[in-house]
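Colleague: Could you take a close look at one part of this model for me and walk me through what packs around it? I'd like one connected account rather than a list.

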Amino acid sequence: MNPVKTLGDAAPTAERPRRPRGLVPEIVSALQADMAEGRLAPGDKLPTEAALMERFDVSRTVVREAISHLQAAGRVATRHGIGTFVTQQAEPAPTFRIAPEDFATVADVISLLELRISLESEAASLAAQRRDDASLSAMAAALASFEAAIRADSDAVPSDFQFHMEVARATGNRHFADLMTYLGTVIIPRTRLKTAADAPEGRLAYLERVHHEHESIYRAIRERDAEAARAAMRTHLANSRERLRRAQAVDAAA
């Protein structure tokens, strides 16, 4: 059995103001680094709460919250009356990934749109509840850029993506924006398929319709109408999905 390690186990010698709870991720990262670099091996006992309070200059509550995060991640386990110990690291879980090859067919793009419908409809609803003047200005700028792009004979992909990104940011929940950043402009079907060029109504009319759909989303968010914003986003993305389904059916018949 591995010997118990206590990494700075000395108790604090004087009371002083403790740093805020926002430092929980810093403590978690530091302890995970100790584990990764071998300073804390599987079976080793974590330093006492008092030692961790002294090391990171935080309160007991912050230390306990950090330990809870490590427990939830399966990195440590607490034995009541004995202490908290580093666990054997499990094999890393598979990570979520959408690669370029996942957009090879119309069916692939439709699948991504279905994912976006569920996520971005809720994002629009949250944006309507939480938006501020800055986020509205950013959305309006993206709309203006989109309109200018289509008049300049562009596919308007960057401004299209930017509008959806600004909606995600307006939620105030960084995970929506992080996911949009991860996916990037490939979420716009025009980057993979000639949806605008092949539209029966023509490129300009197609992009104008997309622009009007964006405007409907923006107005609902501006008016703080969460249900209308959710419905407008769902309609916008569902329209894209249905256009692709129709094109897919035509290709299959041909």
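Modeller: Let's start with a charge over a ring: arginine 79 lies over the face of phenylalanine 85, at 3.9 Å from the ring centre. Keep in mind that this is a predicted model. As for rings paired with rings, a search of the whole structure turns up zero aromatic pairs.

Strand 1 (76-79) and strand 2 (83-86) also help to cover the buried residues of helix 1, along with helix 2 (49-56) and helix 3 (60-72). So what is being covered there? The buried residues of helix 1 are Val24, Ile27, Val28, Leu31, Asp34 and Met35. They span an arc of only 120° around the axis, which means they sit on the same side of helix 1. That fits the usual pattern: an α-helix has 3.6 residues a turn, so residues three or four places apart point the same way. On the face of helix 1 turned away from this buried side you'll find the exposed residues Pro25 and Ala36.

The helix itself, residues 24-36, has 13 residues and reaches 18 Å from its first C-alpha to its last, close to the 18 Å expected at 1.5 Å a residue. Just after helix 1, glycine 38 takes a positive phi of about 85°.

Now for the nonpolar cores. The largest one has 26 residues, of which Met139, Phe163, Val167 and Ile221 touch the most other members. Two or more residues each come from helix 4 (106-130), helix 5 (133-151), helix 6 (157-170), helix 8 (203-222) and helix 9 (226-253). Helix 4 gives the most to this core, with eight residues. Apart from it lies another core, of 19 residues, and that one includes Val28, Leu31, Val58 and Val76. Val28 and Leu31 are among the buried residues of helix 1 that we met above.

Back in the largest core, phenylalanine 163 is worth a visit: setting aside residues up to four places away in sequence, Phe163 touches Met139, Ala142, Leu143, His214, Ile217 and Tyr218. Ala142 turns up again with serine 159, which lies in helix 6. Leaving aside its neighbours within four places in sequence, serine 159 is in contact with Ala142, Ser145, Phe146 and Ala149. Is serine 159 buried or exposed? Its relative accessible area is 5%, so serine 159 counts as buried, the cut-off being under 20%.

Conventions. Residues numbered from 1 in each chain as written. Predicted model: local features only at pLDDT ≥ 70, side-chain atom pairs only at ≥ 80, totals over all residues. Heavy atoms only, no water. Core = buried A, V, L, I, M, F, W, Y, C linked by side-chain atoms within 4.5 Å. Buried < 20%, exposed > 50% of the residue type's maximum accessible area, 1.4 Å probe, protein only. Helix = DSSP H or I, 4+ residues; strand = E, 2+ residues; numbered from the N terminus. Contact = heavy atoms within 4.5 Å. Expected span 1.5 Å × (residues − 1). Arc of directions from axis to C-beta. Phe/Tyr/Trp six-rings, centres within 6.5 Å; stacked < 30°, edge-to-face > 60°. Lys NZ or Arg CZ within 6 Å of the ring centre and 35° of its normal.
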